Each structure stands twice: as structure tokens, then as C-alpha cells.
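The following exercises ask you to work from the displayed model to a description of its packing, and each is followed by a solution in steps. Keep the sequence and the coordinates open while you read.

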Amino acid sequence: DTQEPINSPSTTARSRRHGKVLAGVSVLLGRPFDVPAWLPGLIESLCKLGNESDPVGATIKKSISQFRKIHQSQWHVVTEKLDSDQREWLSSVMSEHSYFN
């Protein structure tokens, strides 16, 4: 079992990418009561990275699940603000992650 050195270029790039995802997720989860015009674009951007290797993919899937739980009572409002591509991206990430995870 060979592990990549912690300071290797690919590890550093992965850490930076994960940091950017964490920033996006904090913005996403920081809007529990509304869906501003810019939020659908953020949701799509995060969902497009949902199939990446961990920790990026796992962070996105868990965060989208949390976002869904937070907005559960008004989910129809959220989905109405998404275009068809954004709904498809969201659905693809949500289908891979159970509500109970």
C-alpha cells in the first residue's frame, strides 16, 4: 500500500479543490430560508463535482442531502427556481445519496 506524500502536487490540488467546495457548501447551507437568484448556479456547480473522488464527492453529496432536508417543507419552491439541467444535476447527486445518510 503506497500512499501519496501529503505535499505531492495531486494531493495539494485535491486539498485546494476540496477547500473551494467547502466554501461553496457553506454558502449553500447558509441560505436556509430563501433561494436567491444566484443559488441555482451554485447548486449546479457543486452537483457537477458530485462524482469526484472523496473527500470532494462525499462532501457534496452530504451537503446536498442536508440542503434538501433544510428546504424539505418548501422543496417545490427550490425546484421551481432551477432550470431543467440544474434539476437533472441535482437529481443525479441526490439519487446517489440516501435521505438518511
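**Exercise 1. Which residues of H2 are buried, and what covers them?**

Solution. The buried residues of H2 are Leu39, Pro40, Leu42, Ile43, Glu44, Leu46 and Cys47. This holds for a predicted model, in which local features are considered only at a pLDDT of at least 70. The next step is to compare that list with the helix itself: H2 covers residues 39-48, and seven of its ten residues are buried, so this helix is largely enclosed by the rest of the structure. As for the cover, H1, H3 and H5 are among the elements that lie over the buried residues of H2.

**Exercise 2. Describe the secondary structure of the protein and the proportion of its residues that are buried.**

Solution. Begin with the elements: the protein has five helices and zero strands, and from the N terminus on their order reads α-α-α-α-α. Then turn to accessibility, where 34% of the 101 residues are buried. Finally, consider how the contacts are spread along the chain: of those between residues at least 6 apart in sequence, 65% join residues at least 24 apart.

**Exercise 3. How are H1 and H3 oriented to each other, and which residues make their contact?**

Solution. Two packed helices are described by the angle between their axes and the distance between the axes. For H1 (residues 9-29) and H3 (residues 56-70), the axes come within 10 Å and cross at roughly 0°. An angle under 35 degrees counts as roughly parallel, and H1 and H3 are therefore roughly parallel to each other. On the side of H1 the contact is made by Arg17, His18, Val21, Leu22, Val25, Leu28 and Leu29, and on the side of H3 by Val56, Thr59, Ile60, Ser63, Ile64, Gln66, Phe67 and Ile70. Sorted by class, the residues of this contact comprise ten nonpolar, four polar and one charged.

**Exercise 4. Characterise the surroundings of Thr59 and Ser63 in H3.**

Solution. Take Thr59 to begin with, which is placed in helix H3 and has a relative accessible area of 16%; because buried means under 20%, Thr59 counts as buried. Leaving out residues up to four places away in sequence, Thr59 touches His18, Val21, Leu22 and Val25. With His18 there is also a polar contact of 2.8 Å between the two side chains, while a polar atom of the Thr59 side chain lies 2.8 Å from the backbone oxygen of Pro55. Ser63 also belongs to helix H3 and is buried, at a relative accessible area of 5%. When neighbours within four places in sequence are set aside, Ser63 is in contact with Val25 and Leu29.

**Exercise 5. How do H3 and H5 cross, and where does Trp89 of H5 make its contacts?**

Solution. The axes of H3 and H5 come within 9 Å and cross at roughly 105°. This angle falls in the range of 65 to 115 degrees, and the two helices, H3 and H5, are therefore roughly perpendicular to each other. Ile60, Lys61, Ile64 and Arg68 of H3 meet Leu90, Val93 and Met94 of H5 in this contact, which by class has five nonpolar, no polar and two charged residues. Now consider Trp89, which is in helix H5 (residues 84-95) and counts as partly exposed at 30% relative accessibility. Apart from residues up to four places away in sequence, Trp89 touches Glu44, Cys47 and Lys48. The C-alpha atoms of Trp89 and Ile43 are separated by 8.5 Å, although these residues stand 46 residues apart along the chain.

**Exercise 6. What geometry does the aromatic pair have, and what does Arg31 contact?**

Solution. The structure holds one aromatic pair, formed by Phe67 and Trp75 with 6.1 Å from centre to centre and 70° between the planes, an edge-to-face arrangement. Both Phe67 and Trp75 are buried. To reach Arg31, start from Phe67: the C-alpha atoms of these two residues, 36 residues apart along the chain, are separated by 9.1 Å. Arg31 is in the loop between H1 and H2 and is partly exposed, with a relative accessible area of 28%. Its side chain and that of Asp34 are joined by a polar contact of 2.7 Å. Beyond its neighbours within four places in sequence, Arg31 is in contact with Pro36, Trp38, Leu39 and His71.

Notes. Residues are numbered from 1 along each chain as its sequence is written. This is a predicted model: local features need pLDDT of at least 70, side-chain atom pairs count only at pLDDT 80 or more; totals for chains, interfaces and linings use all residues. Side-chain values use heavy atoms; hydrogens and water are left out. Axes are lines fitted to C-alpha atoms, for helices over the stretch in contact, and angles run from 0 to 180 degrees between N-to-C directions. Helices (H or I, at least four residues) and strands (E, at least two) are DSSP runs, numbered from the N terminus. Angles under 35 degrees count as roughly parallel, over 145 as roughly antiparallel, 65 to 115 as roughly perpendicular and the rest as oblique. Contact means heavy atoms within 4.5 Å. Ala, Val, Leu, Ile, Met, Phe, Trp, Tyr, Cys and Pro count as nonpolar, Asp, Glu, Lys and Arg as charged, and the others, Gly among them, as polar. Buried means under 20% relative accessible area, exposed over 50%, partly exposed in between (1.4 Å probe, protein chains only). A polar contact is a pair of N or O atoms within 3.5 Å; within protein, one must be able to donate a hydrogen and the other to accept it, and residues adjacent in sequence count only if both atoms are side-chain atoms. Rings of Phe, Tyr and Trp (its six-membered ring) pair if their centres lie within 6.5 Å; planes under 30 degrees apart count as stacked, over 60 as edge-to-face and the rest as tilted.
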